[in-house]
Amino acid sequence: MQCALKFACSAAPPSSASIAPLLFPNTLNKKKKLRNGCSIRAELSDDNDPLLQAAINSASLRFHETHRQDPLFIDPYAGCFVSTHTQMDMETKAKQYCIATKFIDDKLLSTVNHMDGLKQVVLLSDGMDTRPYRLNWPSSTIMFDISPLRVFQKAAEKLDGVGAKIPQRCLFLHVPLETPNIQETLVTKGFNCTRPSVWAIQGLPLMTLVSFEEILLTVSGMAMKGCLFFGELPAWLAETGIGNKSSTKKWINNIFMSYGFKVDMISYDEVAKRLSKVVKPGDYEKILFVAEQLRCSDDQMETWRKELQRVDEDGDEEGFEDL
């Protein structure tokens, strides 16, 4: 399925094989030029890896929320990623992050529990998403986590150290964000484009608008008609300013519709009210959304194309016999 962008001053989306460089520039092998013309390789450490630090910061928010008197959710594994003396401000941005986390948790489980047979979940995360371990997944759920490899490996070591386990009769697989062709890798690992799936994004490092367009291209090509894609996006993608809600809504409608999705922006305040929480006024540089796939997946279209071709060929043979 070819997806053409209806986006002002924007070229057609690049191929899915280019998704990894756009989403995750190769910072692991940076080179610094020296005056004598030689170069040295600057290797990332835990302290200077921005993606690892961002994931730890989010885990810290979940850790502190878990230990509140009336938490929105319980994440028993967040503590293995963070220092216990970490101090976080839970009154503004952190509170909205936790509200979004609870919203995504509930939406995932409610959607998966209405699926028959194999249940496919794709998490686009920062590498420290503990949902595969902490949520009560039904049997026959297969989860794919797309995230930076280095962060995921660090998290996997920590989770293994505290004995974290996936629910019985479920499967959890990782797809490195650096993979040259994410769509092909998902299929190789068992993703079935002719079965229902649910896609959630929170924390995935998006470096450019084009990188988000690549995500939409991937989801649009793999998700069946009627499947849901929801979560949080950085508000700078809209290029309209946080306070300009009407412009942001117009932008998000246009870009999602260009890939075949009907989308709704979700108000953090409204979610907070349903949870009996109060969010103090203030800018939060994220967009909470729920989108529904209106098109058929690439595999669905190919199956129907072959069926129509077969019907046409059968019709030609019958007409020949009549002659």
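Helices (H or I, at least four residues) and strands (E, at least two) are DSSP runs, numbered from the N terminus. The structure described here is a predicted model, and the elements named below follow this numbering from the N terminus.

The sheet is considered first. Seven strands form an open sheet of mixed pairing, in the order β5-β4-β3-β6-β7-β9-β8. Its edges are β5 (170-176) and β8 (261-266), each of which pairs on one side only. On average, and with direction ignored, neighbouring strands of this sheet are turned by 20 degrees against each other. Strand β3 (residues 119-125) pairs with β4 in the parallel sense, and six bridges connect the two. One of the bridge pairs joins K119 to T141, the latter lying in β4.

Strand β9 takes part in two antiparallel pairings. With β7, the antiparallel pairing extends over seven bridges, and F230 has V290 of β9 as its bridge partner. With the edge strand β8, β9 pairs in the antiparallel sense over six bridges; here the bridge partner of M265 is F289 of β9. β9 is also mostly covered, with six of its eight residues buried. In a regular strand, side chains point alternately to one face of the sheet and to the other.

The open space in the model was examined next. The largest pocket encloses about 690 Å³. Its lining consists of 25 residues, of which A54, S58, Y97, G203 and K286 are the closest to the centre. Two or more lining residues are given by each of α2 (50-66), α3 (93-112) and β7 (228-234). Helix α2 makes the largest contribution to the lining of this pocket, with seven residues. By class, 16 of the lining residues of the largest pocket are nonpolar, four are polar and five are charged.

Enclosed space was also found. Across the whole structure, there are two cavities of 30 Å³ or more. The largest cavity has a volume of about 90 Å³. It is lined by 13 residues, with R62, Y97, D129, R131 and Q202 the closest to its centre. Helices α2, α3 and α4 each supply at least two residues of this lining. The lining of the largest cavity comprises two nonpolar, six polar and five charged residues. Y97 is thus named among the residues closest to the centre of the largest pocket and also among those closest to the centre of the largest cavity.

The second largest cavity has a volume of about 50 Å³. Its lining is formed by G127, M128, D129, Y133, D145, F152, A155, A156, L159 and F172. Helix α5 (residues 149-161) provides the largest share of this lining, namely four residues. Seven residues of the lining are nonpolar, one is polar and two are charged. D129 belongs to the lining of the second largest cavity and is also listed among the residues closest to the centre of the largest cavity.

Several loop residues were then considered individually. S140 is not a glycine, yet its phi is positive, at about 65 degrees. S140 is placed in the loop between α4 (131-134) and β4 (141-147). Its relative accessibility is 36%, so S140 counts as partly exposed, given that this class lies between the limits of 20% and 50%. S276, likewise a residue other than glycine, has a positive phi near 60 degrees. This residue occurs in the loop between α9 (268-274) and β9 (286-293). S276 is classed as exposed because its relative accessible area of 68% is over 50%.

A further loop residue, G190, lies between α6 (182-188) and β6 (197-202). With a relative accessible area of 40%, G190 is partly exposed. G190 and L173 are 17 residues apart in sequence, and their C-alpha atoms are 9.4 Å apart in space.

Finally, the cysteines were examined. The structure holds zero disulfides. C98 has a relative accessibility of 0% and therefore counts as buried. C170, at 17% relative accessibility, counts as buried as well, since the limit for this class is under 20%.

Key
Residues numbered from 1 in each chain as written. Predicted model: local features only at pLDDT ≥ 70, side-chain atom pairs only at ≥ 80, totals over all residues. Heavy atoms only, no water. Buried < 20%, exposed > 50% of the residue type's maximum accessible area, 1.4 Å probe, protein only. 1 Å grid on protein atoms, 1.4 Å probe; cavity = no way out; pocket = protein on both sides within 12 Å on 5 of 7 lines; lining within 4 Å. Points joined across faces, edges and corners; volume = space filled by probe spheres on them. Nonpolar A, V, L, I, M, F, W, Y, C, P; charged D, E, K, R; others polar. Disulfide = S-S within 2.5 Å. Pairing = 2+ DSSP bridges. Axes fitted to C-alpha atoms, helices over the stretch in contact; angles between N-to-C directions.
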